[in-house]
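Thanks for sharing this one. Here are some friendly notes to read alongside the model.

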Amino acid sequence: MITRSIARLAGAGAAAGVLVAAIALPAVGGAGALFKTASAELNLKATDLPEEPPAEMTAILDAKGNQIAQFYEQYRKVIPLADMGDLMKKSIISIEDYRFYEHGPIDIEGTIRALAKNLGSGRTAQGGSSITQQYVKQVLLNNATTEEDKNKALEATYARKLNELRYAMAVEEKYTKDQILEKYLNIAYFGASAYGVEAASLRFFGVHASQLSLAQAATLAGAVQDPNSTDPNLGKKFRDRLVNRRNTVLNRMQELGKITPQEAAEAKAKKLGYKGTPLPGGCESSKYPFFCVYVRNEITKNPIFGKTQKIRTALLSRGGLKVKTTLDPMMQAAADKAIRKHVFASDNPIASEALIKPGTGEIKAMAVSRKYGTSKRKREVSLNVVANVEHGGGIGFQPGSTFKTFTLITALKKGMKINDGFTVGSTYRAPYYSSFKNCKGENIGDPTHTVSNDEGGTGFKSLQTGTWGSVNTFFLTLEQRVGLCDTIKTAKSLGIERADGNKLQEYETFTLGINEMDPITVANAYAAIAARGKYCEPMAITQITDRDGKVTKYNPKCHQAAGLDPEVADATANVLSGVFTKGTMSKVGGIGRPAAGKTGTTDNQATAWFAGFTPDLAGAVSIGDIRGSQEHKLNNITIGGQYFPEVFGASVPGPIWKDTMLAALKDTEPTPFTPINSARFGGCGQGCAPVRTTPDDETDTDTDTEDPIIDNTLPH
């Protein structure tokens with residue numbers, strides 16, 4: 001009987017130039033000989049199957065190892081066969097290939113039955129595929145990169161069946177039956193956007209595959225035949241079909257003696273029980289969406305993760321990576337709480353903050369006053385306003401007087417002492433066109449442009465008092481003397497680049513912060529000062545583990561900033577410490593430990609900033625209106641429930657920074673700044689009383705014009 005069936009199959013195959021069964025059972029007399037003859041005629045030789053790893057979810061982890069986001073093209077979690085549960089294995093084998101452990105690459109009886117029906121109907125009405133063949137089809141579909149390739153992997157032709165058989169023969173030679181079953185259950189699609197049995201178990205029922213009940217296992221086993229027509233996520237009609245398929249599986253299991261009639265009846269009496277457990281993916285569902293956006297862009301745009309963006313994007317969405325990041329959940333919580341305390345999501349201005357660890361460049365937190373998203377009604381924001389455009393940000397905000405720090409550093413590098421200075425008035429005009437030269441050597445001084453002081457008064461100002469009072473006319477005069485291009489070079493050595501990716505604008509007002517910035521860039525520049533001139537590129541990823549368990553570690557990329565030797569950095573920190581005690585932050589106050597920083601406000605309060613640091617942590621806070629900061633200035637405005645006639649760096653950004661630092665560093669032992677070299681820079685050196693960290697009652701408005709100290713070694 002078997003010989004006659006095989007002969008009929010071989011004859012039909014030879015006549016049509018199509019599929020013939022081979023190497024399915026041990027050769028028995030004439031049947032085995034006939035198989036061998038047919039196999040030779042149709043060139044049925046084992047062909048290695050190109051097995052690309054199936055798309056698998058990538059998990060993003062914080063610095064503590066907790067998952068904060070996930071990316072996937074296909075929601076899949078690969079697990080070993082031992083974790084799939086006996087009920088799941090019995091269910092899938094019973095309905096898909098009940099003699100799986102007995103036959104070779106194909107099931108002869110099933111194939112004969114299917115072929116006879118297909119020949120009778122003139123179309124492919126029945127598959128008859130073994131689990132091994134189904135695995136082959138899933139792999140070919142997984143390998144497909146174009147719609148044409150996908151269609152070929154699914155087309156109902158005997159040519160495809162023949163190729164599947166060649167591949168299946170090689171698969172059966174290469175793997176054990178258990179390995180094939182494991183691979184199949186990890187790659188199969190079950191519907192409802194769930195790939196692989198573990199993802200399907202979680203999606204359908206909210207349990208792991210090892211915890212599936214009989215009814216649940218039978219449901220998933222029934223779903224693989226036509227997952228699109230039984231997708232429970234698509235409505236009642238689809239769910240009813242799935243229940244029918246489940247019951248078909250249960251009937252088959254009873255028929256095969258895998259379960260008792262009572263077990264089958266009890267399972268069929270149960271409701272479907274579909275939970276539709278959400279499949280959170282992408283940054284929209286992350287608890288830390290802005291940091292997530294930064295990491296996503298870092299992987300998809302950084303060439304170290306792949307030669308092309310297409311390759312890098314596939315790595316993120318299909319690679320099954322575990323990406324460990326620098327995010328500190330405690331510091332992030334501190335930044336989130338501080339921002340939401342001072343700026344409401346309903347406010348038109350938007351506040352953002354970045355925290356950076358000095359000496360490593362590690363981004364510890366990224367906070368924004370609004371939620372991430374695209375809903376205008378909910379006032380969500382889809383731009384990563386903490387970062388530059390390369391990491392999902394926009395054009396940024398002008399940082400104002402936070403840029404005066406770079407002019408201060410340049411002056412200290414050129415030999416000025418902290419008490420050196422000169423007398424300034426309330427307004428400043430470049431004395432002649434050649435008084436400022438950009439880095440191309442072009443004259444860009446504008447004698448027709450007048451700059452006035454918003455803070456700090458007039459009279460004699462030193463590096464200390466000019467910085468503490470944030471005196472515009474002092475810093476324009478200082479920049480004129482130390483050189484615009486040298487000031488720009490100082491800023492660039494600390495990683496300063498425009499948020500929009502364009503070239504820095506090289507005008508005399510550079511020191512007043514005319515170039516739009518993002519908080520990460522500014523915070524990282526200040527972190528380099530905290531690290532005594534050691535500049536480190538901002539980093540968000542510390543380690544990646546691939547799907548095979550291979551670990552790649554990423555170390556900080558650091559170097560000593562050009563011309564910023566440790567003593568210059570110490571002197572800068574010494575001057576900036578006084579901003580809390582004698583300067584623009586004196587009414588806000590310090591944080592009870594050594595700290596330094598600089599307020600920043602642009603013309604007519606278009607934007608406001610504060611950037612500051614301790615030896616352990618640096619941070620920058622910006623606030624502005626993303627509808628257009630020049631058109632929507634921070635005057636006569638309510639922010640965080642408080643009315644402000646005008647907003648300065650110490651009005652909102654300063655208090656946010658202070659509250660953040662108090663919470664973020666509460667468990668960190670205070671680290672002192674290295675004392676200034678008083679022989680080189682003057683001021684308080686080793687053994688002197690430290691700079692106070694509690695505010696004076698009033699901001700210094702020194703207007704003493706007697707005995708001005710002029711450094712005649714600098715250009716006038």
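**Notes on the fold**

1. Let's begin with a strand that caught my eye. In β17, the residues A596, K598 and G600 point one way, while G597, T599 and T601 point the other way, and all are buried. Please keep in mind that this is a predicted model. The strand spans residues 596-601 and is mostly covered, with six of its six residues buried. As background, side chains in a regular strand alternate between the two faces of the sheet.

2. Next, the partner of this strand. β17 is joined by six bridges to β18 (residues 608-613), and the two run antiparallel. Within that pairing, T599 has F610 of β18 as its bridge partner. The hairpin of β17 and β18 has six residues between the strands, and N604 there takes a positive phi near 55 degrees.

3. Now for an open sheet elsewhere in the chain. Five strands make up this sheet in the order β2-β1-β6-β14-β15, with mixed pairing. At the edges sit β2 (67-71) and β15 (551-553), each of which pairs on one side only. On average, neighbouring strands of this sheet are turned by 20 degrees against each other, direction ignored.

4. One pairing inside that sheet is worth a look. Strand β6 (residues 322-325) and strand β14 (residues 541-545) run antiparallel and are joined by four bridges. There, T325 has I541 of β14 as its bridge partner.

5. On to the helices: at what angle do α16 and α18 pack? Helix α16 (residues 404-413) meets helix α18 (residues 472-482) at about 45 degrees, and their axes are 10 Å apart. α16 is therefore oblique to α18, since angles from 35 up to 65 degrees fall outside both the roughly parallel and the roughly perpendicular classes. The crossing of α16 past α18 is left-handed.

6. Which residues make that contact? On the α16 side they are K404, T407, L408, T410 and A411, and on the α18 side N472, F475, L478, E479 and V482. The residues of this contact divide into five nonpolar, three polar and two charged.

7. Finally, some whole-chain figures for context. The protein has 23 helices and 21 strands. Of its 716 residues, 56% count as buried. Among contacts between residues at least 6 apart in sequence, 71% join residues at least 24 apart.

Notes:
Residues numbered from 1 in each chain as written. Predicted model: local features only at pLDDT ≥ 70, side-chain atom pairs only at ≥ 80, totals over all residues. Heavy atoms only, no water. Pairing = 2+ DSSP bridges. Axes fitted to C-alpha atoms, helices over the stretch in contact; angles between N-to-C directions. Parallel < 35°, antiparallel > 145°, perpendicular 65-115°, else oblique. Left-handed = near helix turned anticlockwise from the far one by under 90°. Contact = heavy atoms within 4.5 Å. Nonpolar A, V, L, I, M, F, W, Y, C, P; charged D, E, K, R; others polar. Buried < 20%, exposed > 50% of the residue type's maximum accessible area, 1.4 Å probe, protein only.
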